[in-house]
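Please look over the model below with its strands in mind. The report starts with strand pairing and then moves to loops, cysteines and the surface.

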Amino acid sequence: MIIPLTPIRCLYRAVDLYARKESLISGEARFTYAQFAERCERLATALADEGMAAGDRVAYLSFNTHKLLEGYYGVVMAKAIVMPLNVRLTPIESIQILNHSGARMLLYENDFAPLAAQIHQACPGIEKLVNLDNGEYEALLDRGAPQPVDFLTVDENSIAELFYTSGSTGTPKGVMLSHRTLYLHALSVFATFIKDDTGVELHTIPLFHANGWGRPQASTLAGLKQVMVRRFEPSGVMKLIQDERATSMSLVPTMATALLNCPDLGRYDTSSLQHIHVGGAASSPELIAALERAFKCLAVAGYGLTETSPVASDARPKATVVYANEADRYRRQSMAGWPMPGCEIRVVDAHMQDVPRDAQSVGEVVIRGDHVMDGYFKEPQATAAVMSGAWFHSGDMAVWDEDGYIHIVDRKKDIIISGGENISSIEVEKAIWAHDAVLENCVVAAPDPKWGEVPVAFVVLKPGASLDEAGLVEYLQRRLGKFKIPRLFHFRSEPLPKTGTGKILKRELREQFWEGKGKRVQG
């Protein structure tokens, strides 16, 4: 018998097997799986009573809280589409997204009340606003009923979630993820990362980012205790690890760097941690090694995009790969890794032919499988532009080897072509970051009359550290070819600009050099 694939089944499995188990910790609030599911059901019926119909978009402006996680299930139980917004977007960006999506309802934390008022004026499609903090949301749930949902009536190919990309590469596009895609992605994450039901998942990644990396569904499917990190603050995260005995967390590199450089590192008992996942941007062997030394657990990188739900690959150990030494292990574990179950990944040339698996030949990463999005919302041409049949074009350039390991070398648009030589900005950034004095850095292309383009580095030092351009150049000369070393260094005291998910905004840093000089050849 064919039963619809939907993330609703993840929740009901947890209720069947773990009803009395503590499921969710969010600030002072604590719920069992039975209590959590009832709140989701009440939300679903209340939304229906408010007139939300199948396919309607229900938007959220919220940090990580149990109320946002309830939306992941309650909204889709009502057959509507949950649409968490990046809370760090400007008002203009949020308004554009809401108008483009045609969202009919907005639920928001009190922190965003002024923005909600602007949205109410500028988005005529928003028919109802609900404050999550002043009693309105609880009143909404009180009007709902704890009525189980018959998931057999769900169309598994209908859209359940809509995530607008961060906009770091241009105008945000709405990534559509179906019930089927989300369920299969959850199964893949569950099978790959979760060994039993004793784990405690720390939700460090914002749930508004790329389906929360699949953790909201996979952790529920496994019956894990889930701890919400409302806002990422290093000392607070380590205290939560200690207090809740967290076993797993996911980090982007900027988060990992913040933890490693936190003055409170070592003050809290983090011995419960078993696994740290690093993704969202390129990692480095030094970062993986530092995390393992600090937290005494396995740390591995992974790779994916909002368009792939998002996890497509992971650098987990592979039985056929024998590490030559510890340095080789860290090198492997910092790669994008090898495909997740349900995903096929190739590295291809411009004609969709595989490049040699020699760890040297560069091509574009293309992905096919259960995790790939159903398209961009209202953007059929943009969807067609990134698809070759069933293969999704990631825009990421990589090499691969005979073991299927993918190593990202750069985004297409971030490759620096200097005097005919291709320079990976990621490679240069990793070399700079390895210096003990460097907290964060970014390398971009700047125009040059002789070479066409040259690399330029923005560098932020650790508090109290001392380093100048001459010292950094001397350090890099032992690690990079001369043509790869930045021609200009900008040392900054303030943090580099980032998206809401912690990715450094290269476009913003790069544009200051190219303004009035025309577009780069790469895009």
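## Strand pairing and local features

Strand 3 (residues 57-61) and strand 5 run parallel and are joined by 4 bridges. Strands are DSSP runs of E with at least two residues, helices are runs of H or I with at least four residues, and both are numbered from the N terminus. Two strands pair if DSSP finds at least two bridges between them.

This is a predicted model, in which local features need pLDDT of at least 70 and side-chain atom pairs count only at pLDDT 80 or more, while totals for chains, interfaces and linings use all residues. Residues are numbered from 1 along each chain as its sequence is written, and side-chain values use heavy atoms, with hydrogens and water left out.

Within the first pairing, A59 stands opposite L106 of strand 5. Strand 5 also pairs with strand 6 (residues 128-131), in the parallel sense, over 4 bridges. There, Y108 has N131 of strand 6 as its bridge partner. Helix 5 (residues 113-122) completes a right-handed β-α-β unit with strand 5 and strand 6. Right-handed means that, with the strands pointing away from the viewer, the path from the first strand over the helix to the second runs clockwise.

Which way do the side chains of strand 5 (residues 105-108) point? M105 and L107 point one way, L106 and Y108 the other way, and all are buried. Buried means under 20% relative accessible area, exposed means over 50%, and partly exposed lies in between (1.4 Å probe, protein chains only).

Strand 7 is largely enclosed by the rest of the structure, because 6 of its 6 residues are buried. Strand 7 runs antiparallel to strand 8 (residues 174-178), and 5 bridges join the two. One partnership is F163 with V175 in strand 8.

An open sheet of 9 strands has the order 2-1-10-9-11-12-13-14-15, with mixed pairing. Its edge strands are strand 2 (29-32) and strand 15 (338-339), each pairing on one side only. Inside the order, strand 13 (residues 298-304) and strand 14 (residues 311-314) are antiparallel, with 3 bridges. G302 faces D314 of strand 14. The loop between strand 13 and strand 14 holds P310. The peptide bond from S309 to P310 is cis, with omega near 10 degrees.

Helix 9 (residues 234-244) has P234, S235, V237, M238, I241 and E244 as its buried residues. R245 follows helix 9 and has a positive phi, near 55 degrees.

Two further positive phi values belong to residues of the loop between strand 9 and helix 8.

| Residue | Phi | Relative accessibility |
|---|---|---|
| A210 | about 50 degrees | 5%, buried |
| W213 | near 60 degrees | 10%, buried |

A210 lies in the loop between strand 9 (200-203) and helix 8 (215-221). W213 is found in the loop between strand 9 and helix 8.

How many disulfides does a search of the whole structure find? The count is 0, with a disulfide taken as a pair of cysteine sulfur atoms within 2.5 Å. The sulfur of C262 is too far for a bond, because the closest cysteine sulfur, in C297, is 16 Å away. C262 is buried at 9% relative accessibility, and C123 is buried at 1%.

On the surface, M1, I3 and L152 form a nonpolar patch with about 350 Å² of accessible area together. L152 is partly exposed at 47% relative accessibility. Its place is in the loop between helix 6 (136-143) and strand 7 (159-164). Patch residues have over 30% relative accessible area and no salt bridge; like charges are joined within 9 Å and nonpolar side chains (Val, Leu, Ile, Met, Phe, Trp, Tyr) within 5 Å. A salt bridge is a side-chain nitrogen of Lys or Arg within 4 Å of a carboxyl oxygen of Asp or Glu. Areas come from the Shrake-Rupley method with a 1.4 Å probe; for residues, only the protein chains shown count as cover.
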